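Let's take a walk through this structure together. Have the sequence and the 3D view at hand, and follow along as we go from place to place.

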Amino acid sequence: MQTYLLSQQFNAKSSAENSTACPANATICSGTSCVLPEDSFNETLSIILSTVLTIMLALVMFSMGCNVELRKFWDHIKRPWGIFVGFLCQFGIMPLTAFLLSLVFNVLPVQAVVVLIMGCCPGGTASNIIAYWVDGDMDLSISMTTCSTLLAMGMMPLCLFVYTKMWTDSNTIVLPYDSIGISLVALIVPVSFGIYVNHRWPSKAKIILKIGSILGAVLIVLTAVVGGILYKGSWIISPKLWIIGTIFPAAGYSLGFLLARVAGLSWHRCRTVSLETGMQNTQLCSTIVQLSFTPEQLELMFTFPLIYSIFQLLFALLILGGYRVYRRHRVKTKTDVEKTEEKEDSKSTSSHAKINGGFVSNETK
């Protein structure tokens with residue numbers, strides 16, 4: 001009898017543990033891995049954080065606009081060679097790379113679709129912040145982000161139609177045109193104010209730019225942390241998606257830089273195109289995925305935008321660190337060469353004076 005009671009208690013305890021590990025209200029459940037619906041606290045936190053991040057993003061884009069010269073920006077629009085190269089990278093290289101990676105790793109159809117959606121998304125605003133820190137062409141960076149977001153209205157449906165039809169019907173993918181429009185407005189309005197401030201008060205614009213660049217770095221880190229706060233549950237995801245999420249942004253940065261260099265762009269513009277190519281609008285990808293697929297399908301694909309976001313940021317920071325080390329070494333080497341040349345000039349002048357009895361000609365001076 002005692003053994004039977006102990007057995008009952010053990011079974012009850014096991015049931016309690018299982019119910020704790022995977023609650024009844026979970027929208028997706030696979031063993032102990034669950035995705036929970038948002039509770040009221042989480043929803044309130046999400047609204048607060050979204051409001052704060054939106055305000056911060058507007059301020060950062062305003063400050064980035066303070067580094068844009070209206071004349072140079074207009075030159076890029078009138079002679080859009082750099083924008084065209086960026087267009088080829090954004091809607092040529094990235095969707096094709098996504099397609100090839102999906103084929104090579106032989107992922108499930110629904111997983112291939114999310115990789116392709118990520119590849120078809122326009123550039124993200126974080127690229128403008130990193131482009132500033134690597135001494136990129138801010139006029140080109142802003143114009144590329146604006147144009148890619150605008151062109152995404154037509155290019156995303158076209159690319160998805162071309163690349164996804166072997167896995168799914170492209171009509172099942174819902175494109176949130178309102179979200180794309182909001183992203184475009186959130187980019188254009190603060191940047192326009194920044195350009196105006198730079199045109200009218202250039203000295204004040206430099207101060208705003210320095211503050212905004214620091215705020216931008218904080219925004220990138222904060223955005224990454226927020227993703228972890230808002231999701232209580234966790235779920236199993238294929239290791240293949242982790243590998244693709246690692247390779248994909250690295251390929252975007254590398255191929256974007258290579259194509260820009262082949263197209264004859266200067267080094268600082270090559271860095272700009274590289275960042276604009278590799279850094280995608282992952283928030284837009286997440287929105288499309290949530291609108292288009294069932295909870296059962298989301299179990300296999302939902303975390304890919306987060307994985308891509310992590311690695312695109314990681315590689316961007318590595319690019320930034322590498323560039324800063326290179327720049328410091330280059331400046332140091334250049335300074336050493338200049339000092340050596342000055343010493344050699346002074347020695348030759350001194351010896352010339354001794355030979356000529358202390359007389360130094362004007363040419364030697």
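What follows is a tour of a cavity, some ring contacts and a covered helix.

Before we set off, please keep in mind that this is a predicted model. With that said, let's begin inside the protein. The structure holds one cavity of 30 Å³ or more, and the space in this largest cavity comes to about 60 Å³. Which residues line the largest cavity? They are Ile-83, Gly-86, Phe-87, Gln-90, Phe-91, Met-144, Cys-147, Ser-148 and Leu-151. Two helices, α4 (81–104) and α7 (138–164), each give at least two residues to this lining. The largest share, five residues, comes from α4. As for chemical character, the lining has six nonpolar and three polar residues, and no charged residues.

Two of those lining residues, Phe-87 and Phe-91, take us on to the rings. The count of aromatic pairs comes to nine. Among them, Phe-87 and Phe-91 make a tilted pair, with 5.7 Å from centre to centre and 55° between the planes. Both rings belong to helix α4, where they are four residues apart, about one turn of the helix. An α-helix has 3.6 residues a turn, so residues three or four places apart point the same way. Are these two rings buried or exposed? Phe-87 is partly exposed, because its relative accessible area is 25% and the buried class requires a value under 20%. Phe-91, in contrast, has a relative accessible area of 7%, so Phe-91 counts as buried.

Another aromatic pair is formed by Phe-248 and Tyr-308, and this one is edge-to-face: the centres are 5.4 Å apart, with 80° between the planes. The pair links distant parts of the chain, with Phe-248 in helix α10 (residues 239–262) and Tyr-308 in helix α14 (residues 304–355), 60 residues apart. Phe-248 has 0% relative accessibility, so Phe-248 is buried. Tyr-308 is buried as well, with a relative accessible area of 0%. If you widen the view a little, you will find that Phe-248, Phe-304 and Tyr-308 form one aromatic cluster.

Rings can also meet charges. The charged end of Arg-200 sits over the ring of Trp-201, at 5.2 Å from the ring centre. Arg-261 lies over the face of Trp-267, and here the distance to the ring centre is 3.8 Å.

Now turn to helix α3 (residues 70–78), where you will find His-76. His-76 has a relative accessible area of 7%, so this residue is buried. Which residue does the side chain of His-76 contact? The partner is Asp-137: a polar contact of 3.3 Å joins the two side chains.

Our last stop is helix α6 (residues 126–133). How many of the eight residues in α6 are buried? The number is six, so the helix is mostly covered, given that buried means under 20% relative accessible area. The buried residues in α6 are Ser-127, Asn-128, Ile-129, Ile-130, Ala-131 and Tyr-132. After α6 comes Asp-135, which has a positive phi, near 55°. That backbone angle is a good place to end the tour and to start exploring by yourself.

Notes
Residues are numbered from 1 along each chain as its sequence is written. This is a predicted model: local features need pLDDT of at least 70, side-chain atom pairs count only at pLDDT 80 or more; totals for chains, interfaces and linings use all residues. Side-chain values use heavy atoms; hydrogens and water are left out. On a 1 Å grid over the protein atoms alone, a cavity is a set of points where a 1.4 Å probe fits but cannot get out, and a pocket is an open set with protein on both sides within 12 Å along at least five of seven lines; lining residues have an atom within 4 Å of a point. Grid points are joined across faces, edges and corners, and a volume is the space filled by probe spheres set on the points. Ala, Val, Leu, Ile, Met, Phe, Trp, Tyr, Cys and Pro count as nonpolar, Asp, Glu, Lys and Arg as charged, and the others, Gly among them, as polar. Rings of Phe, Tyr and Trp (its six-membered ring) pair if their centres lie within 6.5 Å; planes under 30 degrees apart count as stacked, over 60 as edge-to-face and the rest as tilted. Buried means under 20% relative accessible area, exposed over 50%, partly exposed in between (1.4 Å probe, protein chains only). A charge sits over a ring if NZ of Lys or CZ of Arg is within 6 Å of the ring centre and within 35 degrees of the ring normal. A polar contact is a pair of N or O atoms within 3.5 Å; within protein, one must be able to donate a hydrogen and the other to accept it, and residues adjacent in sequence count only if both atoms are side-chain atoms.
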